[in-house]
Amino acid sequence: MRKRHQTLITITNAELKKLLFDRAAIDWLSSFSNVQWLEEGRRYSSEEILPLISGFDAAITSWGSPKFTESVIKQGAQLSFIGHAAGSVVSVTEDAVYDADICVVSANRLLARSTAESAVAMMLAGNWHLREYGDSLRGGQWTVNSRETVPGLYGQTIGLIGYGEISQEVIRLLRPFGARVLLYSRYCTHEEASGAGVHLCSMDELLRASDIVSLHSTWTPASVNMIGAHELAKMKEGALFVNTARGALVQEDALLAELQCGRLRAMLDVYVQEPLPQDHPLLTLPNAWCFPHIGGFNRKLKSGMGRYIIDNLYLHVTGQKPEGLITKERFKRMTQQ
């Protein structure tokens, strides 16, 4: 008789476990696999799971899980699936995982939808001047209908930097607004861009033409400080800069200088230093609206990551092709943290 499938869940944070796995999800996993959890409340290193990994066919990881190093992979020779109930798999895998031909799946698709939604929400809030109007009302002022307008999104030119799952979802969400969408990407072809209904262009053209610039590149050594003083100076006066990607992609001092002189506006969810210090000058600017890295917080999508990974594990176990596959090439291009 064939040995029953074995799954190790390496998530030890009690709150995260509760968020990712409801009773129905665990019952579903238990219906086709034996399940073992690492000890709750303890942070495991790669070395500490070496004596535990042998005999498991699959592992489910998330934020805070130990990395599956070459030594762990050798010890877990039976392992054929790693499912990451989070975004980038850089923190839990390395080259040895892909060289061993292990199926790696990430729930990044769900986080991407959440982050895309937050990016569009920030575009709307920024171009509807929601903060300014809320503040003015609290200060006792009312609007003057005969002279006041907001940019909104209809008819705007919106530039997206980077073409991954997040920006692809942003493009989909922007369609009802009839905005003109420009795209800069080293990986998207003109045929793909045309099929998505966007204009693939140079970084220079995008920065000069866009009313809104939204950053969606992954954080790799090549993309650090990709937006600096030179790039920001090309943006239109009064343009809105949105960053829901990573703070390290932007030279923060250069952005701060542009904001302090009032030439640009910004909606920021990520920073070079996180948490953002309470005395950071970005928090004092009326034209910068700062958020505490909330892009992935859509409740339905975030809590659905555990079930997403379990569903994909079932596809793998039954010989079907899972969604959210991470190839070695894609791994190399993923955000580093």
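In the predicted model, strand β10 spans residues 240-243 and has side chains on two faces, with L240 and V242 pointing one way and F241 and N243 the other. All four of these residues are buried. This arrangement follows a general pattern, since side chains in a regular strand alternate between the two faces of the sheet. Strand β10 has a partner in β9, with which it pairs in the parallel sense over four bridges; within this pairing, S214 has V242 of β10 as its bridge partner. Strand β10 also pairs with β11, again in the parallel sense and over four bridges. Here V242 stands opposite M267 of β11. The connection from β10 to β11 involves helix α12, and β10, α12 and β11 make a right-handed β-α-β unit.

Helix α12 has a number of buried residues, namely E252, A254, L255, L256, E258 and L259. The elements covering them include α11 (229-232), β10, β11 and β12. Just after α12, G262 takes a positive phi of about 80°.

The largest nonpolar core has 30 residues, and those with the most contacts inside it are I161, L215, I227 and F241. Two or more residues of this core come from each of α10 (203-209), β9 (212-215), α12 (252-260), β11 (265-268) and β12 (288-290). The most is given by α12, with four residues. Such grouping is a general tendency in soluble globular proteins, where nonpolar side chains tend to be buried together. Leaving aside neighbours within four places in sequence, I161 is in contact with residues that include Y184, M203, L206, L207, V213, L215, M226 and I227. The contacts of I161 also include S214, H216 and S217. A second, separate core has 27 residues, among them V120, M123, V181 and A193.

Residue I161 belongs to strand β6 (residues 157-161), which runs parallel to strand β7 (residues 180-184) and is joined to β7 by five bridges. In this pairing I161 stands opposite Y184 of β7, a residue that is also among the contacts of I161 listed above. Strands β6 and β7 form a right-handed β-α-β unit with helix α8 (residues 165-174). Strand β7 pairs in turn with strand β8 (residues 199-200), in the parallel sense and over two bridges. Residue L182 stands opposite H199 of β8. Helix α9 (residues 190-196) completes a right-handed β-α-β unit with β7 and β8.

A further set of five strands forms an open sheet in the order β2-β1-β3-β4-β5, with parallel pairing. Its edge strands are β2 (34-37) and β5 (103-106), each of which pairs on one side only. From one strand to the next, the twist averages 15°. Helix α2 (residues 23-30) packs on this sheet and touches β1 (6-9), β2 and β3 (58-61). The direction of α2 makes about 125° with that of β2. At the β5 edge, strand β4 (residues 81-84) runs parallel to β5 and is joined to β5 by four bridges. The bridge partner of F81 in β5 is C103.

The count of disulfides is zero. For C201, the closest cysteine sulfur is that of C188, and a bond is ruled out because the two sulfurs are 11 Å apart, too far for a bond. Residue C201 is buried, with a relative accessible area of 10%. Residue C261 is likewise in no disulfide, and the nearest cysteine sulfur, that of C290, is 16 Å away. With a relative accessible area of 54%, C261 is exposed.

Several backbone features depart from the usual pattern, in which most residues other than glycine have a negative phi and most peptide bonds are trans. A cis peptide bond joins E274 and P275, with omega at about 0°. Residue P275 is found in the loop between β11 and β12. Residue D101, although not a glycine, has a positive phi of about 60°. This residue, D101, lies in the loop between α5 (95-99) and β5 and counts as exposed, at 67% relative accessibility. A positive phi, near 50°, is also found at H293, a residue other than glycine. Residue H293 is in the loop between β12 and α13 (299-303) and is partly exposed, with a relative accessible area of 29%.

Notes
Residues numbered from 1 in each chain as written. Predicted model: local features only at pLDDT ≥ 70, side-chain atom pairs only at ≥ 80, totals over all residues. Heavy atoms only, no water. Core = buried A, V, L, I, M, F, W, Y, C linked by side-chain atoms within 4.5 Å. Buried < 20%, exposed > 50% of the residue type's maximum accessible area, 1.4 Å probe, protein only. Contact = heavy atoms within 4.5 Å. Pairing = 2+ DSSP bridges. Right-handed = clockwise from strand over helix to strand, strands pointing away. Disulfide = S-S within 2.5 Å. Axes fitted to C-alpha atoms, helices over the stretch in contact; angles between N-to-C directions.
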